[in-house]
Amino acid sequence: MPYAFRRQPLKGLYVIYQLISTLFVRFPLWVLLGIPRSWRGRKNWTLKRELCVRLLRHFMKVSSQTGPIMKLPDHKSITPGRDIHGVWVGTANHLVTGDLKLWATIANVSSIRVPGYWIHKKGTSIKVASAPQPGEKVIYQLHGGGYVRLSGHPKDITGNISKGYLKHLDVVNRVFSLEYRLASTKPFQVAHPFPTQLLDALAGYNYLVNVVGFAPENVIVSGDSAGGNLAHALTRYLTEYQDSAEVNLPASPGALILLSPWVDLGTTTSELPNASAIAFAKSDYLISDREDYAERAFCGPHGLGAANTNAYISPASLHSSLVVDFKKFPRTFIVAGGAELLYDSIKILRDRMIQDLGEGDGVNPNDGKVRFFEAPDGVHDYLVFPWHEPERTATYKAINKWLQAS
């Protein structure tokens, strides 16, 4: 039963038990089991990486029984701190039309004011939310967490991605990270189903373009895991309704970066022969046999069927009724870990985008728009983890080279 220990005092007792048993029983056993390379998730892994992945996987299992263990920042307020540059992002209801308007009506949701956080490159003297310099590029980062956890706050673990961008990318001096609303469902309060997060992402994009003043071609939309799903959905909406007579949408972004994107929330790719969702269960920290809480929370009143048939939710779905194309999408950089559960669906997305946009190395202007980077021994969303080297630095260097060629 998921979230069986969500209430106190059972939650506290369960967490203490897990901490003690992990420290004195599981961890020593993991060390012994990890000594032979053939027993590790991947033979090329160091013992340190093997232990990190096992620890993360166990944490995922524990949190699936307790819910959030620590209170994280959320959309209700700006969480302050040293070098934390939070701002409020206004609503975008005036930019909602078409299917998005219909889905929002079904879910009874609308755009509201949410926080966002500016992160600046060290050594720069940029003022918070200042107008861009001529030609300045900005990364608009959407965090992962299955749409049900984690945060856009710079202190969140996913903030490591934004910090990595600023450390390694020569053409970017600041990142804007949005604190979109998280979905939830029973046994917790039912709240914020699709398309809530897309409404928030649209508001954040409108803020960057029409409030701060960035030219759309200088905005790089980026997302990791569920944030990659959201980055894709935002780009799809901007391209599909660009010529709508009902709304005056900003132009689509100049580039898109998808990091271990969650692009099949349904079941179609997990049913493939020798599917990565099963075959890579021992080489990733995601839980392949987890309950479908995140999918149920996100799909909400639209039902789990939408996770197989809606192009905004699952652009890599293999369902026969799905119609999807990427012909209007900007140049795109896709990252996948070769050891992650989502590997199959990411490759399907890659192939579909290449079919419409062409494949390229991002350097030759005559090549196609899609650049695919695979870290053969990388776990899901490995850019989040500073210990995941050398793949992490190699990925940022590849993205830097790709951006410089634009």
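Helix α11 covers residues 391–404, and in this predicted model its 14 residues stretch 20 Å from first C-alpha to last, close to the 20 Å expected at 1.5 Å a residue. Quite a bit of α11 is tucked away: Glu391, Arg392, Thr395, Tyr396, Ala398, Ile399, Asn400, Trp402 and Leu403 are buried. The cover over these residues includes two helices, α2 (47–66) and α4 (159–168), along with strands β5 (219–224), β6 (255–259), β7 (331–337) and β8 (370–375).

One of the covering helices, α2, also shows up in the salt bridges, of which the structure holds eight. Glutamate 391 pairs with arginine 49 through their side chains, at 2.7 Å from N to O. Since glutamate 391 belongs to α11 and arginine 49 to α2, the pair ties together parts that sit 342 residues apart in sequence. Both partners are buried.

Another bridge stays within a single helix. Arginine 236 and glutamate 240 have their closest N and O atoms 3.4 Å apart, and both lie in α6 (residues 226–240), four residues apart, or about one turn of the helix. Arginine 236 counts as buried because its relative accessibility is just 2%, whereas glutamate 240, at 39%, is partly exposed.

Arginine 350 and aspartate 351 make a salt bridge too, with 2.9 Å between the closest N and O atoms. Here arginine 350 is buried, at 18% relative accessible area against a cut-off of under 20%, while aspartate 351 is partly exposed at 39%.

As for annotation, an unreviewed UniProt entry lists residues 12–33 as a transmembrane region. In the model that span is 100% helix and 0% strand, and its end C-alpha atoms lie 29 Å apart.

Key: Residues are numbered from 1 along each chain as its sequence is written. This is a predicted model: local features need pLDDT of at least 70, side-chain atom pairs count only at pLDDT 80 or more; totals for chains, interfaces and linings use all residues. Side-chain values use heavy atoms; hydrogens and water are left out. The expected span of a helix is 1.5 Å times one less than its number of residues. Buried means under 20% relative accessible area, exposed over 50%, partly exposed in between (1.4 Å probe, protein chains only). Contact means heavy atoms within 4.5 Å. UniProt positions are given in the numbering used here, feature names are shortened, and annotations may be inferred rather than shown by experiment. A salt bridge is a side-chain nitrogen of Lys or Arg within 4 Å of a carboxyl oxygen of Asp or Glu.
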